[in-house]
Amino acid sequence: MVNFIYADELPSIHELAGSVSMWTSTLVLQHLLAAADRYGLDRLRLLCEAKLCDELTAETVAATLALAEQHHCSELKSACLKFAAVRENLGDLCKKIASRSINNYCQGALAMQVPQLSPLLYSCYGDQRV
């Protein structure tokens, strides 16, 4: 975040994280977006949001959607929903849900926004609320 304040550009996430993993990059961007929102750095928030839209995967879309809702990122939320609505991606999400590798908060965000997932969530978790 300090890099951004002085340079007015998104720092190299791979250099910051010391990893070239897409998952690590997404995680760092999610934390940067939350910090940018907290401290009112709107340009940094928009840059993180745009980068997160580009890096969506079946592994990250649920957490990213929850983050988008929490920080009122309409473009990011829209990108997550479009991603989840694609048949191939929906299948991957269903596998993730069935393996219970998506936490309850993220499942709730998905269930509210992607109605096709609600029956699967119910069948995996029964009467437990998501």
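**An all-helical chain with an enclosed α5**

The secondary structure of the protein chain amounts to nine helices and zero strands. Helices (H or I, at least four residues) and strands (E, at least two) are DSSP runs, numbered from the N terminus. The order from the N terminus is α-α-α-α-α-α-α-α-α. The model is predicted: local features need pLDDT of at least 70, side-chain atom pairs count only at pLDDT 80 or more, and totals for chains, interfaces and linings use all residues. Residues are numbered from 1 along each chain as its sequence is written, and side-chain values use heavy atoms, with hydrogens and water left out.

Of the 130 residues in the protein chain, 39% count as buried. Buried means under 20% relative accessible area, exposed over 50%, and partly exposed in between (1.4 Å probe, protein chains only). Contacts (heavy atoms within 4.5 Å) were also computed. Among those with a separation of 6 or more in the protein chain, 56% join residues 24 or more positions apart.

Helix α5 spans residues 61-70. Eight of its 10 residues are buried, so α5 is largely enclosed by the rest of the structure. The buried residues are Val 61, Ala 62, Thr 64, Leu 65, Ala 66, Leu 67, Ala 68 and Glu 69. Thr 64 of α5 has a relative accessible area of 0% and is therefore buried. Outside its neighbours within four places in sequence, Thr 64 contacts Thr 26, Gln 30, Leu 52, Leu 56, Leu 76 and Cys 80.

The loop between α4 and α5 holds Glu 55 and Thr 60. Both positions are buried. Glu 55 has a relative accessible area of 7%. Thr 60 has a relative accessibility of 5%. With residues up to four places away in sequence not counted, Thr 60 touches Trp 23, Thr 26, Gln 30 and Glu 55. Glu 55, leaving aside neighbours within four places, is in contact with Met 22, Ser 25, Thr 26, Leu 29 and Thr 60. The C-alpha atoms of Glu 55 and Thr 26 are separated by 6.8 Å, although these residues are 29 apart along the chain. Thr 26 also appears among the contacts of Thr 64 and of Thr 60.

On the other side of α5 in sequence, His 72 lies in the loop between α5 and α6. The phi of His 72 is near 55 degrees, a positive value in a residue other than glycine. His 72 counts as exposed, at 68% relative accessibility.

Helix α4 (residues 42-54) packs with helix α6 (residues 74-85) at an angle of about 5 degrees, and their axes are 9 Å apart. Axes are lines fitted to C-alpha atoms, for helices over the stretch in contact, and angles run from 0 to 180 degrees between N-to-C directions. The two helices are therefore roughly parallel to each other. Angles under 35 degrees count as roughly parallel, over 145 as roughly antiparallel, 65 to 115 as roughly perpendicular and the rest as oblique. On the α4 side, the contact is made by Glu 49, Leu 52 and Cys 53. On the α6 side, Ser 74, Glu 75, Leu 76 and Ala 79 take part. By class, the residues of this contact divide into four nonpolar, one polar and two charged. Here Ala, Val, Leu, Ile, Met, Phe, Trp, Tyr, Cys and Pro count as nonpolar, Asp, Glu, Lys and Arg as charged, and the others, Gly among them, as polar. Leu 52 and Leu 76 also contact Thr 64.

The disulfide count comes to zero, a disulfide being a pair of cysteine sulfur atoms within 2.5 Å. The closest cysteine sulfur to that of Cys 48 is in Cys 73, at 9.3 Å, too far for a bond. Cys 53 is likewise in no disulfide; the nearest cysteine sulfur, that of Cys 80, is 6.8 Å away. Cys 48 counts as buried, at 0% relative accessibility. Cys 53 counts as partly exposed, at 24%.

UniProt lists residues 60-93 as "domain: BPM/SPOP BACK" in an unreviewed entry. UniProt positions are given in the numbering used here, feature names are shortened, and annotations may be inferred rather than shown by experiment. The span is 85% helix and 0% strand, and its end C-alpha atoms lie 10 Å apart. Leu 90 is placed in helix α7 (residues 87-98). Leu 90 is buried, with a relative accessible area of 16%. The C-alpha atoms of Leu 90 and Ala 58 are separated by 8.2 Å, across 32 residues along the chain.
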